Amino acid sequence: MSTSHSIWSPLRQPAFRGLWLCGAVFFIGAGMQTMAAAWLMVELTGSSFLAALVQTAVFLPMFLLALPAGVLADTTDRRRLISGALLAQVAACLLLAVLVLAGWGGPASVLFLVFVCGCCTAAITPAWNSSVVDPVPRAEWPQAITAIGIAYNAARAIGPMLAGLLFARLGAGWVFMVTVFTTLVMWESIRRWPPKAHPPSTLPPERLWGGTLSGLRFAWHSRIILAQLVRVMAFSAAGSALWALLPVIAQRQLGTGAEGFGLLMGCLGTGAVAAGLVIGRMRARFSLDSIVATSCVVFASVMLVAAFINLPWLVYGAMAMGGAAWMSTMSTFNTATQASAPPWVRSRAVALHIVSALGAFAIGSAFWGAVSDIVGLTPALVAAGVLMAAGLLLVRPFPLRVGADHEVTQGTPWDELFLEAEPSPEAGPVAVEVGYRIRPGEDKAFLDTIARMKAPRRRDGATFWRVYKDLGEPSRYVERFIVTSWADYLHQRARATMADRVIEVDVRAFLAPGERALMSHYIAER
């Protein structure tokens with residue numbers, strides 16, 4: 001495998017290697033906790049719905065908290081954020097272990113404390129995901145993200161198998177005690193290799209609510225990011241059926257115990273690791289859409305095998321294929337999202353990826369668990385397989401691609417601000433007008449070109465955008481957009497990329513000889 005596509009090249013960086021190894025330990029602990037909680041729920045209640053609800057308790061916090069956590073990661077000290085959340089998770093894991101060991105852990109307390117641990121993980125994930133690749137050159141980010149995916153999926157193979165063995169011999173309480181140790185390992189890695197500090201800025205800091213809206217606005221008006229989020233949501237919602245119903249497949253379809261359930265999850269993780277070793281070469285040879293479409297077909301087929309086959313060796317083999325398909329798809333989505341977002345919003349883009357993937361996963365897990373209780377395991381898996389295959393219909397309206405360097409690199413503002421007195425950061429709304437007097441007879445071409453400015457203006461902060469024609473002077477047009485506050489307008493100017501500047505050059509090429517674009521700013525008074 002050439003260096004450009006090798007997952008081992010980022011591991012030559014000592015800081016990345018250390019964070020990667022400690023992250024793998026943390027992931028193993030998380031996998032052990034999820035497996036033990038799910039199987040404990042089966043033993044305590046015998047309900048497939050409550051067993052599936054463990055997945056919801058693990059991943060629903062991502063849906064609820066990942067985006068605010070992404071805002072904090074983009075605007076505050078990431079080291080303090082990660083360290084504080086990890087220490088809170090240590091306390092929750094320790095309490096869960098003590099309750100179960102003492103025999104006081106019922107279904108409600110187990111679900112609640114697993115949910116608390118999920119909240120801590122949600123607070124950590126955007127900051128960790130966006131900072132762990134900091135020591136690696138941008139050209140090697142796809143390999144670094146794939147390496148992280150391999151660690152995560154290897155943990156899905158190792159963690160459940162270890163948990164199954166430990167659960168069968170010592171019980172769930174000691175499994176939960178191990179997660180206390182793995183969380184402390186992660187905390188030590190952040191202490192030893194802290195994330196890079198954000199570059200100093202003279203701009204007013206974004207607040208939590210405003211930063212959340214900025215992240216949502218960016219995703220909605222960035223076609224690259226929006227396509228990735230829609231596609232990952234559809235894939236995760238359908239694919240969650242297999243993950244959520246694994247305990248039921250192990251118990252009812254294959255007639256195995258905790259060790260068999262752990263082996264099923266281990267096969268999924270093993271397949272994912274195998275796919276991670278070759279995904280770089282696959283991306284070099286095939287388009288993103290081809291990889292994702294193939295993975296959807298494979299994963300749908302695996303769900304059908306799990307629905308109708310009760311031969312353990314065949315189901316285990318199918319699970320390995322399913323893990324490879326899951327890894328290929330999720331790694332592709334994650335890489336494309338991180339590489340397509342500029343630095344100012346990268347943690348929020350990661351958070352939105354998490355919200356889309358794991359939020360759909362959490363809701364889907366509860367849904368498929370309920371469907372299984374109502375109509376049975378086989379119909380639920382068949383329906384999920386059909387829904388997974390139907391996701392191929394999204395290829396045309398939401399094509400996948402990775403953003404180019406000039407689409408994520410900050411450009412220099414075109415016009416300087418010449419103001420008699422600058423407003424306070426909170427003042428607003430702010431209306432900005434840019435006047436263009438163009439060459440006669442080129443109106444249609446000009447309007448087609450300036451229409452390309454709408455998405456960047458809205459993506460970076462504008463709440464309104466429109467182009468007006470001067471009725472008294474037909475060759476004069478005014479571009480007008482509104483931003484919530486002066487601080488938001490300053491942020492919007494700083495966020496424009498080199499690709500946006502190319503569009504502005506194309507627009508100003510229509511100016512009549514001797515003319516220049518005139519920019520005016522207005523602040524609301526009433």
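Start with the lining of the largest pocket in this predicted model, and colour it by residue class: you should find 15 nonpolar, 10 polar and 9 charged residues. The lining comprises 34 residues, and the pocket holds about 980 Å³ of space.

To centre the view, select Asp74, His198, Pro199, Pro343 and Trp344, the lining residues that lie nearest the middle of this pocket. Next, show three helices as ribbons: helix 2 (48-75), helix 13 (346-375) and helix 18 (486-495). Each of them supplies at least two residues of the lining. Keep helix 18 on display, as the next stop uses it again.

**The second largest pocket**

Now select Arg207, Gly210, Ser485, Ala487 and Asp488. These residues lie nearest the centre of the second largest pocket, which is lined by 21 residues. Its space comes to about 440 Å³. Which elements give two or more residues to this lining? They are helix 7 (208-221) and helix 18. Helix 7 provides the largest share, with 6 residues. Try the class colouring here too: the lining of the second largest pocket splits into 7 nonpolar, 7 polar and 7 charged residues.

**A nonpolar patch on the surface**

Turn on the molecular surface and pick Phe63, Leu64, Leu65 and Ile363. Together they form a nonpolar patch with about 350 Å² of accessible area. Which helix gives the most to the patch? Helix 2 does, with 3 residues. Ile363, for its part, lies in helix 13. You have already met both helices, since helix 2 and helix 13 each supply at least two residues of the lining of the largest pocket.

**The paired strands**

For the last stop, hide the surface and go to strand 3 (residues 476-483), which runs antiparallel to strand 1 (residues 430-437). How many bridges join strand 1 to strand 3? There are 8. To see the two strands face each other, select Gly435 together with Val478 in strand 3, which stands opposite.

Then bring in strand 2 (residues 462-469), which also pairs with strand 3 in the antiparallel sense, over 7 bridges. Here the pair to select is Arg466 and Arg480, with Arg480 on strand 3 standing opposite Arg466. Finally, follow the backbone from strand 2 into strand 3: a hairpin joins these two strands through 6 residues. With strands 1, 2 and 3 all shown, you can see strand 3 paired with strand 1 and with strand 2.

Technical notes. Residues are numbered from 1 along each chain as its sequence is written. This is a predicted model: local features need pLDDT of at least 70, side-chain atom pairs count only at pLDDT 80 or more; totals for chains, interfaces and linings use all residues. Side-chain values use heavy atoms; hydrogens and water are left out. On a 1 Å grid over the protein atoms alone, a cavity is a set of points where a 1.4 Å probe fits but cannot get out, and a pocket is an open set with protein on both sides within 12 Å along at least five of seven lines; lining residues have an atom within 4 Å of a point. Grid points are joined across faces, edges and corners, and a volume is the space filled by probe spheres set on the points. Helices (H or I, at least four residues) and strands (E, at least two) are DSSP runs, numbered from the N terminus. Ala, Val, Leu, Ile, Met, Phe, Trp, Tyr, Cys and Pro count as nonpolar, Asp, Glu, Lys and Arg as charged, and the others, Gly among them, as polar. Patches are made of residues with over 30% relative accessible area and no salt bridge: like charges are joined within 9 Å, nonpolar side chains (Val, Leu, Ile, Met, Phe, Trp, Tyr) within 5 Å. Accessible areas come from the Shrake-Rupley method with a 1.4 Å probe; for residues, only the protein chains shown count as cover. A salt bridge is a side-chain nitrogen of Lys or Arg within 4 Å of a carboxyl oxygen of Asp or Glu. Two strands pair if DSSP finds at least two bridges between them.
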